[in-house]
Amino acid sequence: MGKKEQLAEELEAALLAIDQDACRHIIMDDMADVPILSRIENAIVPALASIGVKWRNGDVALSQVYLSAKITDALLEEMLSSSHETLASRPKVAAVCLEDHHLLGIHVVRMVVRSSGYDVVDYGRMDLEPLVERVCRDEVDYLLISTLMLRSALRVEKLKEKLEERKCDACLIVGGAPFRYDASLWRRVGADFTSSSPSEALEFILSREGKR
Amino acid sequence: MKAMSSMERVLTSLQHKEPDRVPLLLSLTMHGAKMQGVSIQKYFSSPQLMAEAQVRMWKKYESDFLNSFTYSSAEVEAFGGSTIFYEDGPPNSGEPVIQALEDIESLEPPDVQTVKSLMVTIEATRRMKAAVGEEVPILGVTISPFSLPVMQMGFENYFDLLYSDMEHFRSLMKVNTEFQLQYANMLVEAGATAIVYFDPLSSTTIIPRAKFLETGFNIARDAVKRMHGPIVAHFASGRILPIVDKIIEAGFIGVSASVDEDLKILKKLAGGKLTLIGNLNGMEMPNWTAEQIDQNVRSAISDGARGGGFVLCDNHGEIPYQVSDETIQGIADASRKYGKYPLKRT
């Protein structure tokens, strides 16, 4: 195993153990000489991707996914605050909780996508009409949508319709329980992709952006 | 075999024996509003409408339970929380009532008798009991002390608390446990035959087994000891395979089965000690064809019902509002078609 793979594995183990000190040591000390973007690409992205796969397979719990994302997000902030490097502002990515009141899902996805080096605008919880206005105004390229209730998931169809009326071609990436338990729902509501883990959303964006 | 009453059917299955047919639990809450032609909000504020609809739905679909559950955030209303109602879906809990850790320090267990929404449920339970007596089991549902904070303080803040501040966590659990116990026992007193202990946070979908053993398990075991009546654990589609042994140890008599897990394996692990309740996929139900209804019901019965200890049900604990009457009727018909004991070999 190469040094890069080893660090990614060590980081993953530390993240799953919710060991913040060990995570910090790997990213800030062991990789001190590595440029920030390389630390992201070589350690953070693969560690979070592996955790995402394990979540999908039922091998890790939501609390571990959330805390992993939170730890890496804090490390990213720390790295950025001590350097001149910034997150990429294009493509424009926004995250929203559509008409639900459970923000956990969308915060985790936002943190995971940010940890890959893309800035993500957090829209928080929004109703449909103001969301359409905001997506069009901000010229969003990727809209990450989280829902918990089926009724909110079904609202994505209306969202798509309204965005098309406004000639807005934001790519809609949906996630949450309704999409996880009904594998074809995302197609029926007109979304462009569904991700059963935060890192899957990230992989989709990276792939669309031609980085993989 | 002579046809049994719903109560006989359910009790026989709970004893891990085969009744006349597989008991059917249709988790219909909001559909009662549809049946009564009123809004969900109005429906959940009327014990009379709820009791009438539950009895009518039980007769219509020939299911085996009545259910007095309204909506989860009713229990957060007891702590000063608010509820947001929708026309076509379950109510959501509003802004968290615990905004800072200091709020936990001053929290007291609320008196259930002063909480209007919970007293609606208590009164609805009483009316259901008056209507069906001992013929049909009535389920009372409470949110576990361990899962309630997701609504009291928000998911993220609760995870942070759970992993970094056990002192405040324990204080919160003490208050929630007293409250939940009071409410559960009032439901039993009003006529609930069994309590559904709704504890999605304890599922290994949400926290790992080690964390469950340190937290939710102890709370559940204590709650089961102190609650009157038989208790069923429900994890709202969450996975439970890694903690089935502890669910048995905690003293539950039944448990929800998720569509995410293999019912045959769960059945083996339950080992004649836990009745499995599940595992039809509620999220897919709105789009099921007649063939899919048939196939899914037959498959669940085939995998879980042999020898009793099984109740056919959706896997989330609430059938979505979008599921049509035809689909519900189809599930009920298929459960009678394939659920007659002795089961045919498939």
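Before I count anything, let me say what is being counted: helices and strands here are runs assigned by DSSP, a helix having at least four residues and a strand at least two, and they are numbered from the N terminus. With that in hand, and keeping in mind that what we are looking at is a predicted model, we can say that chain A holds 10 helices and five strands. Its radius of gyration is 17 Å, close to the 17 Å that the globule rule gives for 212 residues, so chain A is as compact as a globular protein of that length. If you prefer to think of a box, the C-alpha atoms of chain A fill one of roughly 50 × 35 × 30 Å, taken along the principal axes, and 56% of the 212 residues count as buried.

Let me now turn to the surface, and to helix H1 in particular. Where does negative charge gather on the surface? There is a patch formed by A:Glu5, A:Glu9, A:Glu10, A:Asp29 and A:Asp30. Helix H1, which covers residues 3-16, and helix H2, which covers residues 20-30, each supply at least two residues of this patch, and the helix that gives the most is H1 of chain A, with three residues. One of the patch members, A:Glu9, is found in helix H1, and because its relative accessibility is 48%, A:Glu9 counts as partly exposed.

Helix H1 also contains A:Ala13, which counts as partly exposed at 47% relative accessibility. To give you a feeling for distance, A:Ala13 and A:Tyr181 are 168 residues apart in sequence, and their C-alpha atoms are 29 Å apart in space.

From here I would like to move to charge pairs. In general, side chains of opposite charge can pair when their charged atoms come close. Over all chains, the count comes to 35 salt bridges, and I will take you through a few of them.

In one of these, A:Lys54 pairs with A:Glu12, and the closest N and O atoms are 2.5 Å apart. Because A:Lys54 lies in helix H3, residues 36-56, while A:Glu12 lies in helix H1, the pair ties together parts that are 42 residues apart in sequence. Are the two partners buried or partly exposed? A:Lys54 counts as partly exposed at 30% relative accessibility, whereas A:Glu12 is buried, since its relative accessible area is 9% and the cut-off for buried is under 20%.

Another salt bridge joins A:Glu78 to A:Arg24, with 2.3 Å between the closest N and O atoms. Here A:Glu78 sits in helix H4, residues 62-81, and A:Arg24 in helix H2, so this pair ties together parts that are 54 residues apart in sequence. A:Glu78 counts as partly exposed at 27% relative accessibility, and A:Arg24 is partly exposed as well, with a relative accessible area of 35%.

A further example is the salt bridge in which the side chains of A:Asp127 and A:Arg125 meet, at 3.0 Å from N to O. A:Asp127 counts as partly exposed at 35% relative accessibility, and A:Arg125 counts as partly exposed at 29%. Finally, salt bridges can share partners, and in this way A:Asp73, A:Glu77, A:Arg114 and A:Asp119 are joined into one network.

Terms used: Residues are numbered from 1 along each chain as its sequence is written. Chains are lettered from A and ligands numbered from 1 in the order in which they are written. This is a predicted model: local features need pLDDT of at least 70, side-chain atom pairs count only at pLDDT 80 or more; totals for chains, interfaces and linings use all residues. Side-chain values use heavy atoms; hydrogens and water are left out. Patches are made of residues with over 30% relative accessible area and no salt bridge: like charges are joined within 9 Å, nonpolar side chains (Val, Leu, Ile, Met, Phe, Trp, Tyr) within 5 Å. Accessible areas come from the Shrake-Rupley method with a 1.4 Å probe; for residues, only the protein chains shown count as cover. A salt bridge is a side-chain nitrogen of Lys or Arg within 4 Å of a carboxyl oxygen of Asp or Glu. Lys and Arg count as positive and Asp and Glu as negative; His and the chain ends are not counted. The place of a charge is taken as NZ of Lys, CZ of Arg, CG of Asp or CD of Glu. Buried means under 20% relative accessible area, exposed over 50%, partly exposed in between (1.4 Å probe, protein chains only). The radius of gyration is taken over C-alpha atoms; the globule rule is 2.2 Å times the number of residues to the power 0.38.
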